[in-house]
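Let's take a relaxed walk through one protein model. Have the sequence and the 3D view open as you read.

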Amino acid sequence: MCLRHSHSRTGAHCYGDGHGDVAVTQNESGNNNDHVRRHNLSAVLGLAHRTGGLSRAQLTKVTGLNRSTVADLVGELVERQLVVEVGPDSSGHVGRPSPIVRPNPRAVALAVNPEVDAVTVGVVGLGGTVLKRVRCPTPQRTRAKEAVTICAAVIEAMRADLDTRYRTVGIGVAVPGLVREHDGLVRLAPHLGWVDEPLAQMLTDATGYPVVAANDASLGALAESTFGSGRDVTDLIYLNGGASGIGGGVIAGGVSLAGIAGYAGEFGHTLVNSIGVLCDCGAVGCLETEVARAPLLKLVGLSDADGDELERKLTASRSPAVQTEVERQLDFLAVAFRNAINIFNPQLIILGGFLGSLYAVAPAYLDQKLAQRPLLAAQETVTISRTELTSDLLMIGAAELAFESLLSDPASSRLTPPPG
Ligand SMILES: [Zn+2]
């Protein structure tokens, strides 16, 4: 998994609790001034982005900067068309009303998610608002080159809109596979059949935009931690159950764990059953060989993969066979959780896709399984929840990746077209 992104560097999850390293004070001088100003711009933009909007008074309080400095920073961000100031805050506070500083939704990133059945392209505004989403169904085993052609055509069709109504930072891609961090090369996307495809470069060549790519589950973790159920949580694990297996992402200390090349977080291929069956990856007893959607669909008589329908049927079923299978899968999920909890000591485990449904069918069963491990001190503090962002999750995650450089240094980031 593949993110250089650090929320904590720009203050996420830290502000408001008295110990956040949100902003450097304005008492620096000399050569440090530019560095400090850039850092503070990043802090203010990051706060507006993640919260959806704060008054100048709140920004002053949270950053610890003085009012005139905040006014100055907000002025620069307005000038760069990255934030807008709206209405005075008339929430009844004493003193002069303070305008609300919101992320400018016309500063956008393009989000791309190639999947086995479709290529989806979205336009996502700063602040994580999905403004547009176009899903192009594709035949099975669509090649990378064809997926790029489809993306380029969708983006070309949006081009007039993008050039007149928006300013675009670039493209973020959520890939169901292993992505090399530094150049966005897809090393392996098994269900797409892609091996060593220079996806980011191909998309740049086809569209002219800068492109960054990462594993879909890592981006799901990033999106949930920024805007979803993981807001204000510094340590979380996100696990997604899809048609093709189980993916995951880890945020530790507010930072996405990537590993040395970007491949960390493959919970689906961790060992849960040493006398289990052979996995596609060549190992035996991987989590995704035991915890899988297909047997659940089969048991409730569904051939289609509609997640809501699966959950409804699982929940409504009184069949002992369904209950046995659900509990069998939860037993193995508990093994994976136990390992993850002991290794990462997370505050939150977020479940997406069919894993969320599996948990929803028998939450007490899983909670009890975890509670049976008396030596597990780390388990005392962990909560299990489901994704909040659902169908927008990967669009927001991919966009977040594309916004990364803008958020970390608003003063040097280039958007297309430049401010007029
Ligand atoms: Zn495996």
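What follows covers a metal site and then an aromatic pair. Keep in mind that this is a predicted model.

**The zinc site**

Which residues hold the zinc ion? The protein donors are His269, through ND1, and three cysteines, Cys279, Cys281 and Cys286, each through SG. These atoms lie 2.0 to 2.3 Å from the metal. Along the chain, the donors follow the spacing H-x9-C-x1-C-x4-C.

As for geometry, the four donor atoms subtend angles of 103 to 122 degrees around the zinc ion, so the arrangement is tetrahedral. For reference, the ideal angle for four tetrahedral donors is 109.5 degrees.

**The aromatic pair**

How many aromatic pairs does a search of the whole structure find? Just one turns up. It brings together Phe267 and Phe344, with ring centres 6.3 Å apart; their planes sit at 70 degrees, over the 60 needed, so the pair counts as edge-to-face. The pair links distant parts of the chain, 77 residues apart. Phe267 is in the loop between strand 14 (255-256) and helix 7 (287-290), while Phe344 belongs to helix 10 (residues 320-344).

**Buried or not?**

Here is how two of the zinc donors and both ring partners come out for accessibility.

| Residue | Relative accessibility | Class |
|---|---|---|
| Cys279 | 6% | buried |
| Cys281 | 44% | partly exposed |
| Phe267 | 8% | buried |
| Phe344 | 28% | partly exposed |

So the aromatic pair joins a buried ring residue, Phe267, to a partly exposed one, Phe344. Among the zinc donors, Cys279 is buried, whereas Cys281 is partly exposed.

How values were computed
Residues are numbered from 1 along each chain as its sequence is written. This is a predicted model: local features need pLDDT of at least 70, side-chain atom pairs count only at pLDDT 80 or more; totals for chains, interfaces and linings use all residues. Side-chain values use heavy atoms; hydrogens and water are left out. Donors are N, O and S atoms within 2.8 Å of the metal (3.2 Å for Na, K and Ca); water is not among the atoms, so sites may look incomplete. Four donors count as tetrahedral if all angles lie between 85 and 135 degrees; four count as square planar and six as octahedral if opposite donors are over 155 degrees apart and all others between 65 and 115; anything else is irregular. Buried means under 20% relative accessible area, exposed over 50%, partly exposed in between (1.4 Å probe, protein chains only). Rings of Phe, Tyr and Trp (its six-membered ring) pair if their centres lie within 6.5 Å; planes under 30 degrees apart count as stacked, over 60 as edge-to-face and the rest as tilted. Helices (H or I, at least four residues) and strands (E, at least two) are DSSP runs, numbered from the N terminus.
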